[in-house]
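Student: I have a protein model open and would like to learn how to read it. Could you take me through it step by step?

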Amino acid sequence: SVKGRTIWGDLVQFNDVWRTGANETTTIEFAADVMVEGQELAAGKYGLYTYPTAESVIVIFSKKTEGWGTGDYSEADDALRVTVTPNAVETNAETLDFVVEGDAVVLQWANWKIPFGVSANIQQG
């Protein structure tokens, strides 16, 4: 919860990998192959990490799905990295939440919404 704290750039440091949640690794799972921000990602379960800066956020899908904090994180385990732009919002989201809005998964917390596009991976052939 925000609890009156400054989240982005303080509690969640800029220019450092964040576990994108609290304590254990947050995971995301896709039942079929997908496109994330136009890049292919195979069906499966992934650890979800982010690397926020003041202007952008790198969303990281890691093959490692278990761990605590970022102590076990290794870039060598990354399945995909995409860079997105956070949206500043006036309504503060007190608790970290993930929602689906149209063709995007949106991480919302404090005064930021961080959307990343997800679509079906339709093979041409």
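Student: How many helices and strands does the protein chain have?

Tutor: Keep in mind that this is a predicted model. The secondary structure of the protein chain comes to 0 helices and 8 strands. Read from the N terminus on, the order of elements is β-β-β-β-β-β-β-β.

Student: What does the radius of gyration tell me about the protein chain?

Tutor: The idea is to set the value beside what a compact globule would have. For 125 residues that would be near 14 Å, and the protein chain has 14 Å, so the two agree. You can also look along the principal axes, where the C-alpha trace spans about 50 × 30 × 20 Å.

Student: What share of the residues is buried?

Tutor: Buried residues account for 41% of the 125 residues in the protein chain. As for the outside, the accessible surface is about 7,000 Å², and 44% of that belongs to carbon and sulfur atoms.

Student: How many positive and negative side chains are there?

Tutor: The protein chain carries 8 positive and 18 negative side chains. The centres of these two sets lie 6 Å apart.

Student: Let's try single residues. Is Thr-25 buried or exposed?

Tutor: To decide, compare its relative accessibility with the cut-off: buried means under 20%. Thr-25 has 10%, so this residue counts as buried. You will find Thr-25 in the segment before strand E1 (27–30).

Student: Which residues is Thr-25 in contact with?

Tutor: Leave aside the neighbours within four places in sequence, and Thr-25 is in contact with Gly-47, Leu-48, Tyr-49, Lys-64, Thr-65, Glu-66, Gly-67 and Trp-68. With one of these, Tyr-49, there is also a polar contact of 3.4 Å between the side chains.

Student: And Glu-55, is that residue buried or exposed?

Tutor: Here the cut-off to use is the one for exposed, over 50%. Glu-55 has a relative accessibility of 60%, which means that this residue counts as exposed. Glu-55 sits in the loop between strand E4 (44–52) and strand E5 (57–62).

Student: What does Glu-55 touch?

Tutor: Not counting residues up to four places away in sequence, Glu-55 touches Thr-85 and Pro-86. Glu-55 and Thr-85 are 30 residues apart in sequence, yet 6.7 Å apart in space from C-alpha to C-alpha.

Student: In the protein chain, what percentage of contacts join residues at least 24 apart?

Tutor: Among contacts between residues at least 6 apart in sequence, 52% join residues at least 24 apart.

Definitions and conventions: Residues numbered from 1 in each chain as written. Predicted model: local features only at pLDDT ≥ 70, side-chain atom pairs only at ≥ 80, totals over all residues. Heavy atoms only, no water. Helix = DSSP H or I, 4+ residues; strand = E, 2+ residues; numbered from the N terminus. Buried < 20%, exposed > 50% of the residue type's maximum accessible area, 1.4 Å probe, protein only. Polar contact = N/O pair within 3.5 Å; in protein donor to acceptor, adjacent residues only side chain to side chain. Contact = heavy atoms within 4.5 Å. Rg over C-alpha atoms; globule rule 2.2 N^0.38 Å. Areas by Shrake-Rupley, 256 points an atom, 1.4 Å probe, with all protein chains shown as cover. Lys, Arg positive; Asp, Glu negative; His and termini not counted. Charge placed at Lys NZ, Arg CZ, Asp CG, Glu CD.
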